[in-house]
Amino acid sequence: MKGSFPSGLFQRAAISGLLLFTALGSALAQEGETPPPNFLLILGDDMGVETLASYQLNDSVALTPNLDRLAAEGIRFNNMWSQPVCSPTRATVMTGRYGFRNKVGHAVISPTQETVERAVPVKPDGAPREDDRQTPYSPFSPPGLSLNEFTLPMALKSDSAMGYEAGAFGKWHLSDESNGYEKHPILAGFDYFAGTAIGGIESFFAYSKQVNGELTSGSTVYAATDKVNEAIRWISERDSDRPWLTYLAFNLPHSPFHLPPLDLLHDENTRGLDPQSNAVNTAPHPYFRGMMEAMDTEIGRLLDSLPDEVRANTYVIFLGDNGSTREAVTAPFDSARAKGTIYQGGVNVPFIITGPGIEGGRVSDAILNSVDIYATLLDLASISLDTALPRDVNFDSVSFAPLLHDPEAQPLRDFAYADLFAPERTTLRTIRTESYKLLVIGDVEELYNLDEDPYEHNNLLLADLSDNAQENYENLKLRMQLLLASESGQEP
């Protein structure tokens, strides 16, 4: 297994901590004290840290008591970085590798997607109006996730004695003509898939649906409800002696904006919203909050469906896949620095985890990347990262498992990285350490001190740098160069 840096020092330190934690877990498992845990990994779609009350960034948030409860019962991380848009984040979670390695650099929208056979049923009478703005298909889409990638479910199942099973539900968004389209989730290591393999959904009230690699006649059950129904059923059918990974990727609160079914909303008055109003196009934010509430309601229903003994042995992980869209973003971010950008409003996302042995109500400022979920889940399952992975790949995931059970543990990651790229588009790259952040937008660079300027208003490169800022600027440039060179095998 190659390190992310040519020196390998950072990688060896990370693996040493991981192997120690894994060895302890293996010893306990052999004593019969800790059966392998379950993992419920939930993704919210297009929501930055400003969308949840637990982050306390503004008052214009939805009512999300179930996500608030997860934060109260577990750990809320303030500095999780995703990728700037949907597909790349999903690829980092599934591979533990940055976008420049796994080649998923932008939303996967194949030029032939329009011609793929999909059965879309007619919307039920009286269904709420949905935002009718359409995003055109791009002829410059990046490829889907390669079948050569060694995915998270593959890694969890690499130790057959553990007996892990894996089910995926909802928005996959990593499929294209090169990897099997609707069959890709199964080819990528999941035992069961129900949802939409290609991009988003046509409507939350009537959409195409694939089950276990096969097309269906579609669904007219509200999308979030349908996906949770599928997840509840699959989990309930599992052998109690076998651990599982459930990957639930909501389409909420991604567009098309709409008013969800009233029984899913926490706000009794639904803010006086008209389900047929054109305001879903012109003033979508109240509808966006309603969609957040619908997702929260369904998360609560899923958690309540787990028997007590199952929930006690389940890590529940919630991640936003990227920042909020420019139509829905609120303070402290703005529409020019939201989803699709490498500013904090595009990559700083909610991340909450609770589970066995985690002390509730904690808040961590540790720097994390979405790639880190991969190594952490293997660590928590007592599966050796060093033996599970293929030997010929560069791997970026760093386990934060020690942070979950020891408030005094020191983070193993000291930087975060994100990028966005596609043919004939400007490449965006960013890297941060604890205090400083460098953005490279094509040929333009920007530098921010996040301690003093957390929302990036003062580009330090527009004036003379202090000695400290100059040192950090050069350090960040070198770190990025070494990281990118680690894939090509050439020194910068």
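Let's start with one residue: A194 stands opposite V211 in β5. A194 belongs to a pairing in which strand β4, residues 192-196, meets strand β5, residues 210-211, through 2 bridges, with the two strands running antiparallel. Before I go on, a reminder that this is a predicted model.

Now let's step back to the sheet around that pair. How many strands form this open sheet, and in what order? There are 10, arranged β6-β5-β4-β3-β7-β1-β8-β9-β2-β10, and the pairing is mixed. At the edges stand β6 (214-215) and β10 (362-369); each has a single partner strand, so one side of each is left without a neighbour in the sheet. As general background, strands of a sheet pair through backbone hydrogen bonds, either parallel or antiparallel.

Next, the helices on this sheet. Helix α3 packs on it and touches β1 (38-44), β3 (165-171), β7 (244-249) and β8, and the direction of α3 makes about 175 degrees with that of β7. Helix α9 lies across β1, β7 and β8, and runs at about 170 degrees to β1.

Let's stay with α9, and look at two helices that pack against it. Take α7 (residues 223-236) to begin with: α7 and α9 pack at an angle of about 10 degrees, and their axes are 10 Å apart. That angle makes α7 roughly parallel to α9. The crossing of these two helices is right-handed. If you want to find the contact on screen, α7 brings A224, T225, V228, N229, A231, I232 and I235, while α9 brings E298, R301, L302 and S305. Sorted by class, the contact of α7 with α9 has 6 nonpolar, 3 polar and 2 charged residues.

The other helix is α2, residues 65-73. Its angle with α9 (residues 285-305) is about 60 degrees, and the axes of the two helices are 7 Å apart. That makes α2 oblique to α9. Which residues make the contact? From α2 we have P65, N66, L67, R69 and L70, and from α9 we have M295, D296, T297, I299, G300, L303 and D304. In the contact of α2 with α9, 6 residues are nonpolar, 3 are polar and 3 are charged.

On to the other sheet I want to show you. This is an open sheet of 4 strands in the order β11-β12-β13-β14, with antiparallel pairing. Here β11 (416-420) and β14 (444-449) stand at the edges with a single partner strand each, so one side of each has no neighbour in the sheet. On average, neighbouring strands of this sheet are turned by 10 degrees against each other, ignoring direction. Helix α15, residues 467-488, packs on the sheet and touches β11, β12, β13 (436-441) and β14; the direction of α15 makes about 55 degrees with that of β13.

For a closer look at one edge, β11 pairs with strand β12 (residues 428-432) in the antiparallel sense over 5 bridges. Within that pairing, the bridge partner of Y417 is I431 in β12.

Now for the charges. The structure holds 25 salt bridges. Let me pick out one of them: D321 with R90, where the closest N and O atoms are 2.7 Å apart. Where do these two residues sit along the chain? D321 is in the loop between β8 (314-320) and α11 (344-347), and R90 is in helix α3 (residues 86-95), so the pair links distant parts of the chain, 231 residues apart.

Last, a few backbone details that are worth a look. In general, most residues other than glycine have a negative phi, and most peptide bonds are trans. Which residues does a cis peptide bond join here? One such bond joins S255 and P256, with omega at about 10 degrees, and P256 lies in the loop between β7 and α8 (279-282). A cis peptide bond also joins A331 and P332, with omega at about 15 degrees; P332 lies in the loop between β8 and α11. As for phi, D46 has a value near 70 degrees, which is positive in a residue other than glycine. You will find D46 in the loop between β1 and α2.

Thanks, everyone!

How values were computed. Residues are numbered from 1 along each chain as its sequence is written. This is a predicted model: local features need pLDDT of at least 70, side-chain atom pairs count only at pLDDT 80 or more; totals for chains, interfaces and linings use all residues. Side-chain values use heavy atoms; hydrogens and water are left out. Axes are lines fitted to C-alpha atoms, for helices over the stretch in contact, and angles run from 0 to 180 degrees between N-to-C directions. Angles under 35 degrees count as roughly parallel, over 145 as roughly antiparallel, 65 to 115 as roughly perpendicular and the rest as oblique. Contact means heavy atoms within 4.5 Å. Ala, Val, Leu, Ile, Met, Phe, Trp, Tyr, Cys and Pro count as nonpolar, Asp, Glu, Lys and Arg as charged, and the others, Gly among them, as polar. Two strands pair if DSSP finds at least two bridges between them. A crossing is left-handed if the near helix is turned anticlockwise from the far one by less than a right angle, and right-handed if clockwise. A salt bridge is a side-chain nitrogen of Lys or Arg within 4 Å of a carboxyl oxygen of Asp or Glu.
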